[in-house]
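Here is a friendly round of questions about how labels get attached to parts of a model. Each reply sets a value against its cut-off and then concludes.

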Amino acid sequence: MPDSSVQICAYWTPGDKYAYEAREEKFKIDDQGDTTLVYRQSERRVFEILSQTKDRYKIRLTYGDYMTTDKEDQLVHDAIVSATGPCVVEFETDETGSLLGIANLETLVAQAEASVEPAVRVMWETIPSAERKNFPKKNFRKYMARTLSDPSVVINAVNDDLGRMFFFHGARLDSTQVYEFDETFAPLLGGRDSVRGKTSFWIDGRQTDSYSAVCAPVQAA
């Protein structure tokens, strides 16, 4: 489609399996316009189409090969995966890609509950000793267990992640425009207020000989 717009769509049938590498990078831009990388994260995400009816799909999404420049985050992630196994989400969409629900919510909640001990063990070591006196480990464990066992926390986290992956489905975007929309960012762990932010995205100018393009989103709180 060699024009000034990009049409993003997908045609999936049962048995199809697709692997993607999801990357996130954050840069600091100084007054001179020079950029410095401050954070990088990458993850392999494998989509498998389990079934299809006239008006819906059932899809399995498996996360793996998580890597980040945040050493603490990497340690927590590796400890959780070692204890609970990889995260696998099964969900349903309508024929246009709109999310209809999570099919294996009980399994995800149980996995979140099983992640409490390994997460507490690693995160506790990163808390300064002075702060530990004011927040005993048993209270920290109780707080984590109460938060992670809440199905609404799991649902919000899954919907937020899936929503970003399916946001561009069926969209026709002009490569000369920058698009923006306001969002509310809710932390995975409770105890803090939600943060209002803005996400901007555009179509990157890089293209292949088949006229594919790259969507480049940027979040700003």
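Q: In this predicted model, are Arg-45 and Asp-161 buried or exposed?
A: Both Arg-45 and Asp-161 are buried, a label that calls for under 20% relative accessible area.

Q: What makes Arg-45 and Asp-161 a salt bridge?
A: Their closest N and O atoms are 3.4 Å apart, and the cut-off asks for a side-chain nitrogen of Lys or Arg within 4 Å of a carboxyl oxygen of Asp or Glu, so the pair counts. The two ends come from distant parts of the chain: Arg-45 sits in strand 3 and Asp-161 in helix 6, 116 residues apart. Glu-43 joins Arg-45 and Asp-161 in a network of salt bridges.

Q: Why is Arg-60 called partly exposed?
A: Its relative accessible area is 26%. Partly exposed covers what lies between the 20% and 50% limits, so Arg-60 earns the label. Glu-48, at 23%, counts as partly exposed too.

Q: How do you know that Arg-60 and Glu-48 form a salt bridge?
A: Their side chains meet at 3.2 Å, N to O, and the limit is 4 Å, so they qualify. Arg-60 belongs to strand 4 and Glu-48 to strand 3, so this pair ties together parts twelve residues apart in sequence.

Q: What does the salt bridge between Arg-141 and Glu-117 tie together?
A: The closest N and O atoms of Arg-141 and Glu-117 are 2.9 Å apart. Arg-141 lies in helix 5 and Glu-117 in helix 3, so parts 24 residues apart in sequence are tied together. Arg-141 has 27% relative accessibility and is partly exposed; Glu-117, with 41%, is partly exposed as well.

Q: How do you know that the span of helix 6 agrees with its number of residues?
A: Helix 6 has 15 residues (151-165), which at 1.5 Å a residue should span 21 Å; the end C-alpha atoms are 21 Å apart, so the values agree.

Q: Why can the buried residues of helix 6 be said to line one face?
A: Those residues are Val-153, Val-154, Val-158, Asp-161 and Leu-162. Viewed down the helix axis, they fall within an arc of 150 degrees, so they line one face. Their packing partners include strand 3, strand 4 and helix 5.

Q: Which residues have the most contacts inside the largest nonpolar core?
A: Among them are Val-158, Phe-91 and Met-144, in a core of 29 residues. Helix 3 gives the most to this core, with six residues.

Definitions and conventions
Residues numbered from 1 in each chain as written. Predicted model: local features only at pLDDT ≥ 70, side-chain atom pairs only at ≥ 80, totals over all residues. Heavy atoms only, no water. Helix = DSSP H or I, 4+ residues; strand = E, 2+ residues; numbered from the N terminus. Expected span 1.5 Å × (residues − 1). Buried < 20%, exposed > 50% of the residue type's maximum accessible area, 1.4 Å probe, protein only. Arc of directions from axis to C-beta. Contact = heavy atoms within 4.5 Å. Core = buried A, V, L, I, M, F, W, Y, C linked by side-chain atoms within 4.5 Å.
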